[in-house]
Amino acid sequence: MTLPSAYSEARTRRFNVGERVRVKLAFPPGHRRTPVYVRGKSGIVERVCGAFANPEELAYGFDGEPKRVLYRVRFRQRELWPGYAGAESDHLELEIYEHWLEPA
Amino acid sequence: MKHHDHDHSHDPSFDDGPPSEHEIMSRAIQELLEAKGIISGEQLRRRMEQFDTDFPQRGARVIAHAWLDADFRQRLLADGKRACAEWGIDLEADRLIALENTPRVHNVIVCTLCSCYPRALLGMPPTWYKSENYRRRVVREPRAVLREFGTVIADDVEVRVHDSNADMRYVVVPMRPAGTEGWSEERLASIITRDALVGVSVPKP
C-alpha cells in the first residue's frame, strides 16, 4: 500500500532549456537522487525530461505524488572538480529534480 | 531454504562463502512471492535467461540500424524508447536517451549512485560498471579511466560524462568506423560491443 505525499503540489515548470541554474547546497537526510558532487554547483538546463514520481517519497512507501519536473543539467567539469585535468570543453550531465534547483 | 536450482550460470566468485544479507533477503522475497503464487520459479528463470541471452543482442542491432538508416537515427536521438519500440523492443519502465558520438564529442555513461543501466537494451551491467572505482573516478577523471580501457580521446574532442542518476537511461551511439563501407547490418552489429554502447570503447572494423 502506498500513502499520499506529504509534499505540496509541484508548481508548473520553473526553468527552460538554456537557463542557468544552481543545485541547492543542502544535505538533508534520507534517500536523495542528487549526488553530493553537484550540490552548490551551477550549470545550464540541457533538456526537460518531464514529470516523474518523486523518488525521495517513493523510497519510503509513499506514492511519489505530486510528480516533480526532472531536468538534465550540463556542468563544466572544471567547475565541478578543482584541478580537473581534462580539456576545457569537457562536461558532465545529470538529472536534477526541480525542487533541488534555484535560478543562478 | 531452497537452494537455487535454476540452470543459469553464476559468476563463481559470487558463490564463495556464506550468502550476503542482501542475497538472503532477495531469496526470502522470492520464496514468499512463489508461495503466494505471484510468480513462479520458471518465470524467474526465464527472466534471468532473457537478461543473459536475449537483451544483450538488442543494443547492437538498434545501433547498426541507426548507422544505416538516417531517418531511424534521428528518431532514436529524438526518443530512444519509441524508436526501440519500432523494433518490437519494449524497454519497459526505461526512458532512453541516445547520445551521439561525433568528431567533436565523446560520450560515456555511469551511474554514481548505484548501477542504473539500460538493462532491457544491453542486458545486465558488467561488474566494472557497478564497481565503486569506476563510479567514483569516471566522473572526475574520465580521460584517465577511458585510457585504462584502451580508449584515448584527443584533447580537441569534448568528453561528456552522463551520470544516470534518476529516471533516464542512456546508450551511446558510436561513430561508424572507416573501413566498414558496404557492410551488412548484421556484420556492422558484430563490431558494436557493449563497452562501445557504454562509451568506454569505440567500435573497430
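The exercises below, each with a worked solution, concern a predicted model with chains A and B.

**Exercise 1. The side of chain A that touches chain B**

Task: State how many residues of each chain are in contact, and find which elements of chain A give two or more residues to the side that touches chain B.

Solution.
- Step 1. Begin with the count: 18 residues of chain A are in contact with 18 residues of chain B.
- Step 2. Look for the elements on the chain A side. Strand S2 (42-52) and strand S4 (91-97) of chain A are those that give two or more residues.
- Step 3. Rank them. S4(A) gives the most, with five residues.
- Step 4. Sort the residues on this side by class: 11 are nonpolar, three are polar and four are charged.

**Exercise 2. A sheet built from two chains**

Task: Give the order of the strands in the seven-stranded open sheet, and name the edge strands.

Solution.
- Step 1. Write the order: S5(A)-S1(A)-S2(A)-S3(A)-S4(A)-S3(B)-S2(B). The pairing in this sheet is mixed.
- Step 2. Find the strands that pair on one side only. These are strand S5 (101-103) of chain A and strand S2 (105-110) of chain B.
- Step 3. Add the twist, which averages 35° from one strand to the next.
- Step 4. Examine a pair within chain A. S2(A) and strand S3 (residues 68-76) of chain A run antiparallel and are joined by seven bridges. In this pair, A:Gly50 has A:Leu70 in S3(A) as its bridge partner.
- Step 5. Examine the pair that joins the chains. S4(A) pairs with strand S3 (residues 158-163) of chain B in the parallel sense, over four bridges. Here A:Leu92 has B:Val161 as its bridge partner.
- Step 6. Recall the general point: strands of a sheet pair through backbone hydrogen bonds, either parallel or antiparallel.
- Step 7. Place the helix. Helix H7 (residues 132-140) of chain B packs on the sheet and touches S4 of chain A as well as S2 and S3 of chain B. The direction of H7 makes about 150° with that of S2(B).

**Exercise 3. One residue in strand S3 of chain A**

Task: Decide whether A:Phe75 counts as buried or exposed, and list the residues that A:Phe75 touches beyond four places away in sequence.

Solution.
- Step 1. Locate A:Phe75 in strand S3 of chain A.
- Step 2. Count C-beta neighbours inside 10 Å: A:Phe75 has 23. The cut-off for a buried residue is 20 or more, so A:Phe75 counts as buried.
- Step 3. List the contacts. A:Phe75 touches A:Val38, A:Lys41, A:Gly43, A:Leu80, A:His91 and A:Leu92.
- Step 4. Set sequence beside space. A:Phe75 and A:Glu93 are 18 residues apart in sequence, and their C-alpha atoms are 6.2 Å apart.

**Exercise 4. Chain B and the largest nonpolar core**

Task: Describe the make-up of chain B, then say which helix gives the largest share of the largest nonpolar core.

Solution.
- Step 1. Count the elements: chain B has 10 helices and four strands. Along the sequence they follow the pattern α-α-α-α-β-β-α-α-α-α-β-β-α-α.
- Step 2. Note the extent. The C-alpha trace of chain B spans about 55 × 35 × 30 Å along its principal axes.
- Step 3. Note the burial. Of the 205 residues in chain B, 33% are buried.
- Step 4. Turn to the core, which has 57 residues. Those with the most contacts inside it include A:Ile96, B:Val108 and B:Leu197.
- Step 5. Identify the helix: H2 (residues 41-68) of chain B gives the largest share, six residues.
- Step 6. Follow one core residue. Among the residues that B:Leu197 touches are B:Gly59, B:Ile63 and B:Val172.

Conventions: Residues are numbered from 1 along each chain as its sequence is written. Chains are lettered from A and ligands numbered from 1 in the order in which they are written. This is a predicted model: local features need pLDDT of at least 70, side-chain atom pairs count only at pLDDT 80 or more; totals for chains, interfaces and linings use all residues. Two residues are in contact if their C-beta atoms, placed from the backbone, lie within 7 Å. Ala, Val, Leu, Ile, Met, Phe, Trp, Tyr, Cys and Pro count as nonpolar, Asp, Glu, Lys and Arg as charged, and the others, Gly among them, as polar. Two strands pair if DSSP finds at least two bridges between them. Axes are lines fitted to C-alpha atoms, for helices over the stretch in contact, and angles run from 0 to 180 degrees between N-to-C directions. A residue is buried if 20 or more other C-beta atoms lie within 10 Å of its own, exposed if 12 or fewer, and partly exposed in between; C-beta atoms are placed from the backbone. A nonpolar core is a set of buried Ala, Val, Leu, Ile, Met, Phe, Trp, Tyr and Cys residues joined through C-beta atoms within 7 Å.
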